[in-house]
Amino acid sequence: MPGLPLTSRGLEEVVFHRGAAPVTVARFLAEVAALAARLPDEGPVLNFCADRYLALLGFAAALSRGHVTLLSADRTPLRLAEIAQGHGARYALSDVAAVLPLPVLRPDAMPGEAAPNPLIPADAIAVIAFTSGSTGEPQPHAKPWGALVAGARGAAETFGVTGGTSVLGTVPAQHMYGFETTVMLPLQGAGAGHAGDVFYPQDIAAALAALPAPRLLVTTPLQLRALLRSEVAMPALAGIVSATAPLSDALATEAEAAWGAPVREIYGATEAGSIASRRTLEGPGWTPYPGMTFAIGEDSASVTVPGLPAPVPLSDRLVRDGEGRFRLEGRLADMVKVAGKRASLAGLTRILTGIDGVEDGAFVAPDDLDANPQARLAAAVVAPGLSAEAIVAALREQVEPAFLPRPVVMLPALPRDAVGKVSRNAIAALAWRR
Amino acid sequence: MTTTLSFEAEVARLIVEALHLETPPEAIDPEAPLFGEGLGLDSIDALEIALAVSRRYGFQLRSDDERNHRIFASLRALAAHIEAHRSA
């Protein structure tokens with residue numbers, strides 16, 4: 001299997017901005033070699049650095065040593081420990097304090113001797129990404145190096161990223177979307193990443209202003225909305241990329257008007273990575289990333305991704321749109337996405353009805369779940385001896401905060417239709433009548 | 001603002017209204033963590049609170065603030081931070 005170099009960028013190009021100091025590829029390679037020499041003999045490594053440059057440095061050093069990096073978008077100590085144990089992590093890389101049952105190293109960006117650009121076998125597993133399942137164990141998704149490289153080049157081409165573009169991400173480097181567009185893109189595509197951890201509108205605006213133009217903002221519908229509502233002053237943008245949830249035309253229109261730059265969306269999933277994109281205001285048709293092959297049926301769809309061994313099933317309903325594009329016609333009923341995290345309603349309902357004292361119950365999603373970035377799930381519960389607060393407290397032990405129900409509707413019995421099936425519409429009417 | 005309403009209670013009401021919480025404002029323990037345990041808020045809520053604060057009190061929360069974890073540590077800490085920085 002042929003090898004692909006760690007980075008495709010020229011030695012003098014800037015790969016990242018860290019504080020005021022631009023990091024050139026030559027400096028990056030020297031830092032990678034210095035860190036690689038300090039790493040333990042064996043991986044896998046759990047990398048949960050908050051600083052995006054340190055996340056990249058740790059990933060690159062581990063990769064050059066043949067260590068697989070475990071990426072968990074959920075950085076709560078419980079989930080990290082679970083993944084470390086379940087997947088045999090030998091050490092962790094982090095810049096934040098953490099108590100874990102394994103050695104935690106801090107990756108330092110220390111200038112070292114000039115170092116070569118290592119070759120990595122294309123079929124080597126570089127990363128295992130985890131989907132945050134609410135239904136039990138986090139699910140692992142292995143990413144061969146060649147597939148990650150192909151994705152980064154596809155993104156650079158799709159978004160017209162030039163060498164000097166500053167790329168500011170608001171999504172953690174450990175989220176698959178964040179990893180592809182803010183870590184792999186500078187490494188194997190184009191542009192220079194931004195190291196800092198930004199979250200609030202004011203952080204985003206200040207960090208962008210400190211970066212050289214042209215500037216690309218990589219974010220989510222939720223943060224786009226917060227940026228627009230907060231009315232913070234933004235510097236000129238060359239483009240905005242949004243993913244994790246569908247973006248409404250209204251928000252895209254507002255963002256393009258406010259910042260005078262195109263708003264593009266990525267469609268993807270942790271299992272497959274980024275697989276298609278569109279400019280929101282040009283219509284509902286999604287253009288596949290280079291090399292993707294879609295199999296689209298009545299009730300199912302899958303995508304074959306270059307470098308991945310098997311087709312990946314998708315949880316949305318797809319319809320062909322001519323000219324190689326497709327439209328998204330809603331999700332398959334059971335799968336819901338809140339705050340960029342996916343869960344099965346049936347799985348959540350199983351957890352709910354497994355709580356001591358709960359006789360019956362059901363999770364339901366509001367009709368506007370995909371259009372409203374703030375939408376939450378609701379639960380209807382039959383539990384004569386329990387309060388709604390007690391039920392939320394019990395759920396909190398097993399379910400991520402994003403999926404906690406708001407509201408909880410306490411009922412003497414679940415509404416059922418003529419054939420005895422729980423009536424989703426009747427529950428929705430009770431939950432969202434306000 | 002009525003004179004009988006403490007600032008903490010006002011912030012509690014702002015949180016419950018902005019986030020559509022089940023919990024009544026007076027039931028929020030001013031010392032309990034807002035995120036994770038306690039109220040169980042998440043990052044969507046953090047953005048929503050930041051927006052509500054900027055609208056009502058005229059200043060922006062920032063995450064490069066070293067004290068960020070302390071600010072969101074409890075209702076009491078958040079209310080104190082807002083009171084110290086409000087411009088409206």
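**Entry 1: chain B**

I began with the secondary structure of chain B in this predicted model. I counted 4 helices and 0 strands in chain B. Reading along the sequence, I recorded the pattern α-α-α-α for that chain. I then looked up burial: 31% of the 88 residues of chain B count as buried. For the contacts in chain B, I took pairs at least 6 residues apart in sequence, and 67% of these join residues at least 24 apart.

**Entry 2: the contact of chains A and B**

I next turned to the place where the two chains touch. How many residues does each chain bring to the contact? Chain A supplies 25 residues and chain B supplies 19. On the side of chain A that touches chain B, I listed the elements giving two or more residues: α6 (201-210), α7 (221-230) and α10 (388-396) of chain A. Of the elements of chain A, α7(A) gives the most to this side, with 5 residues. I also sorted the side of chain A that touches chain B by class, and I noted 15 nonpolar, 4 polar and 6 charged residues.

**Entry 3: a sheet in chain A**

I then traced an open sheet of 9 strands in chain A. I wrote down the strand order as β3-β2-β12-β11-β13-β14-β15-β16-β17, and the pairing is mixed. Which strands form the edges? They are β3 (21-24) and β17 (287-288) of chain A, each of which pairs on one side only.

Within this sheet I looked at one pair in detail. As a reminder to myself, strands of a sheet pair through backbone hydrogen bonds, in either the parallel or the antiparallel sense. Strand β2 (residues 14-18) of chain A and strand β12 (residues 192-194) of chain A pair in the parallel sense, over 2 bridges. I found A:His17 opposite A:His194, the latter in β12(A).

**Entry 4: A:Val338**

Finally, I examined a single residue, A:Val338, which I located in strand β23 (residues 335-338) of chain A. Is A:Val338 buried or exposed? A:Val338 is buried, because 23 other C-beta atoms lie within 10 Å, and the cut-off for a buried residue is 20 or more.

I asked which residues A:Val338 is in contact with, leaving aside its neighbours within four places in sequence. The list reads A:Arg376, A:Leu377, A:Ala402 and A:Phe403. I also looked up the separation of A:Val338 from A:Ala428, which is 90 residues apart from it along the chain: the C-alpha atoms of the two are separated by 17 Å.

Definitions and conventions: Residues numbered from 1 in each chain as written. Chains lettered and ligands numbered in written order. Predicted model: local features only at pLDDT ≥ 70, side-chain atom pairs only at ≥ 80, totals over all residues. Pairing = 2+ DSSP bridges. Buried ≥ 20, exposed ≤ 12 C-beta atoms within 10 Å, placed from the backbone. Contact = placed C-beta atoms within 7 Å. Nonpolar A, V, L, I, M, F, W, Y, C, P; charged D, E, K, R; others polar.
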